[in-house]
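Here is a short tour of a protein model, meant to be read with the sequence and the 3D view side by side. We begin with a single residue and then step back to the sheets and the core.

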Amino acid sequence: MTKTSDFRQKEVINVKDGRKLGYIVDMEFDLYQGRVTAIVVPGPSKLLGLLKGRNDLVIPWERIKKIGDDVILVDVEVPFE
(Lines give C-alpha, C1' and ligand atoms only; values in the text may rest on other atoms or scores of the structure.)
Protein backbone atom coordinates (compact mmCIF):
# COMPACT_ATOMS: atom_id res chain seq x y z
CA MET A 1 0.00 0.00 0.00
CA THR A 2 1.24 3.49 -0.86
CA LYS A 3 0.60 6.49 1.40
CA THR A 4 0.29 10.06 0.18
CA SER A 5 3.36 10.94 2.26
CA ASP A 6 5.39 8.54 0.07
CA PHE A 7 4.66 10.72 -2.98
CA ARG A 8 6.07 13.85 -1.30
CA GLN A 9 9.51 12.25 -1.21
CA LYS A 10 9.66 11.75 -4.98
CA GLU A 11 10.99 14.45 -7.30
CA VAL A 12 8.72 15.42 -10.20
CA ILE A 13 10.46 15.62 -13.58
CA ASN A 14 8.96 16.81 -16.87
CA VAL A 15 9.73 14.41 -19.74
CA LYS A 16 9.19 17.21 -22.31
CA ASP A 17 12.42 18.98 -21.37
CA GLY A 18 13.97 17.04 -18.48
CA ARG A 19 13.29 19.92 -16.08
CA LYS A 20 13.05 19.14 -12.38
CA LEU A 21 9.77 20.65 -11.22
CA GLY A 22 10.27 19.96 -7.51
CA TYR A 23 8.53 17.85 -4.93
CA ILE A 24 4.80 17.43 -4.42
CA VAL A 25 3.39 20.00 -1.99
CA ASP A 26 -0.27 19.02 -2.30
CA MET A 27 -2.66 16.58 -3.95
CA GLU A 28 -6.22 16.94 -5.19
CA PHE A 29 -8.76 14.18 -4.62
CA ASP A 30 -12.16 13.17 -5.93
CA LEU A 31 -13.75 12.00 -2.68
CA TYR A 32 -16.78 10.52 -4.41
CA GLN A 33 -14.69 8.27 -6.65
CA GLY A 34 -11.96 7.77 -4.06
CA ARG A 35 -9.04 8.69 -6.30
CA VAL A 36 -6.28 11.25 -6.75
CA THR A 37 -7.08 13.70 -9.55
CA ALA A 38 -3.93 15.86 -9.54
CA ILE A 39 -0.60 16.54 -7.89
CA VAL A 40 0.66 20.05 -7.09
CA VAL A 41 4.28 21.19 -7.28
CA PRO A 42 5.46 24.64 -6.17
CA GLY A 43 5.96 27.56 -8.51
CA PRO A 44 9.48 28.98 -8.91
CA SER A 45 9.16 31.64 -6.19
CA LYS A 46 8.08 29.48 -3.27
CA LEU A 47 10.16 29.32 -0.10
CA LEU A 48 11.45 25.72 0.06
CA GLY A 49 8.16 24.53 -1.41
CA LEU A 50 6.36 25.10 1.89
CA LEU A 51 3.91 27.81 0.88
CA LYS A 52 1.14 27.06 -1.60
CA GLY A 53 0.42 29.92 -3.96
CA ARG A 54 -1.19 30.89 -7.21
CA ASN A 55 1.93 30.01 -9.22
CA ASP A 56 1.76 26.38 -8.17
CA LEU A 57 1.62 23.91 -11.02
CA VAL A 58 -1.37 21.56 -10.85
CA ILE A 59 -0.62 18.40 -12.82
CA PRO A 60 -3.65 16.24 -13.70
CA TRP A 61 -3.27 12.56 -12.84
CA GLU A 62 -3.61 11.69 -16.53
CA ARG A 63 -0.36 13.61 -17.26
CA ILE A 64 1.67 11.34 -14.95
CA LYS A 65 3.61 8.94 -17.15
CA LYS A 66 5.54 6.88 -14.61
CA ILE A 67 5.93 6.66 -10.85
CA GLY A 68 9.31 5.25 -9.89
CA ASP A 69 11.11 4.64 -6.63
CA ASP A 70 12.66 8.14 -6.55
CA VAL A 71 10.91 10.20 -9.24
CA ILE A 72 7.56 10.88 -10.86
CA LEU A 73 7.72 11.51 -14.61
CA VAL A 74 5.10 13.86 -16.02
CA ASP A 75 4.34 15.25 -19.47
CA VAL A 76 3.20 18.87 -19.10
CA GLU A 77 3.55 22.32 -20.62
CA VAL A 78 5.03 24.56 -17.94
CA PRO A 79 3.55 28.09 -18.23
CA PHE A 80 6.31 29.83 -16.25
CA GLU A 81 10.10 29.94 -16.08
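## R8 and its surroundings

R8 counts as partly exposed because its relative accessibility is 40%; buried would mean under 20% relative accessible area and exposed over 50%, with partly exposed in between (1.4 Å probe, protein chains only). You will find R8 in the loop between helix 1 (4-7) and strand 1 (11-14). Helices (H or I, at least four residues) and strands (E, at least two) are DSSP runs, numbered from the N terminus.

Which residues does R8 contact, leaving aside its neighbours within four places in sequence? They are Y23, I24, V25 and D26, where contact means heavy atoms within 4.5 Å. Take I24: R8 and I24 lie 16 residues apart in sequence, yet their C-alpha atoms are 4.9 Å apart in space.

## How to read the model

This is a predicted model, in which local features need pLDDT of at least 70 and side-chain atom pairs count only at pLDDT 80 or more, while totals for chains, interfaces and linings use all residues. Residues are numbered from 1 along each chain as its sequence is written, and side-chain values use heavy atoms, with hydrogens and water left out.

## The overall picture

The protein has one helix and seven strands, and along the sequence they follow the pattern α-β-β-β-β-β-β-β. Of its 81 residues, 35% are buried. The protein exposes about 5700 Å², with carbon and sulfur atoms supplying 51% of that area; accessible areas come from the Shrake-Rupley method with a 1.4 Å probe, and for residues only the protein chains shown count as cover.

Among contacts with a separation of 6 or more, 38% involve residues 24 or more positions apart.

## The four-stranded sheet

One open sheet has four strands in the order 2-1-7-6, with mixed pairing; two strands pair if DSSP finds at least two bridges between them. Strand 2 (20-23) and strand 6 (64-67) stand at the edges with a single partner strand each, so one side of each has no neighbour in the sheet. On average, neighbouring strands here are turned by 25 degrees against each other, direction ignored. The axes are lines fitted to C-alpha atoms, for helices over the stretch in contact, and angles run from 0 to 180 degrees between N-to-C directions.

Let's look at one pair in this sheet. Strand 6 and strand 7 (residues 71-74) pair in the antiparallel sense over three bridges, and a hairpin of three residues joins strand 6 to strand 7. K66 has L73 in strand 7 as its bridge partner, and I67 stands opposite I72 in strand 7.

## The three-stranded sheet

Three strands form an open, antiparallel sheet in the order 3-4-5. Its edge strands, strand 3 (26-30) and strand 5, each pair on one side only. Strand 4 and strand 5 run antiparallel and are joined by four bridges; I39 has I59 in strand 5 as its bridge partner.

## The nonpolar core

A nonpolar core is a set of buried Ala, Val, Leu, Ile, Met, Phe, Trp, Tyr and Cys residues joined through side-chain atoms within 4.5 Å. The largest one has 15 residues, of which V12, L21, I39, I59, I72 and V74 touch the most other members. Strand 4 (35-41), strand 5 (57-60) and strand 7 each supply at least two residues of this core, and strand 4 gives the largest share, three residues.

I59 is a good one to click on: not counting residues up to four places away in sequence, I59 touches V12, L21, T37, A38, I39, V41, V74 and V76.
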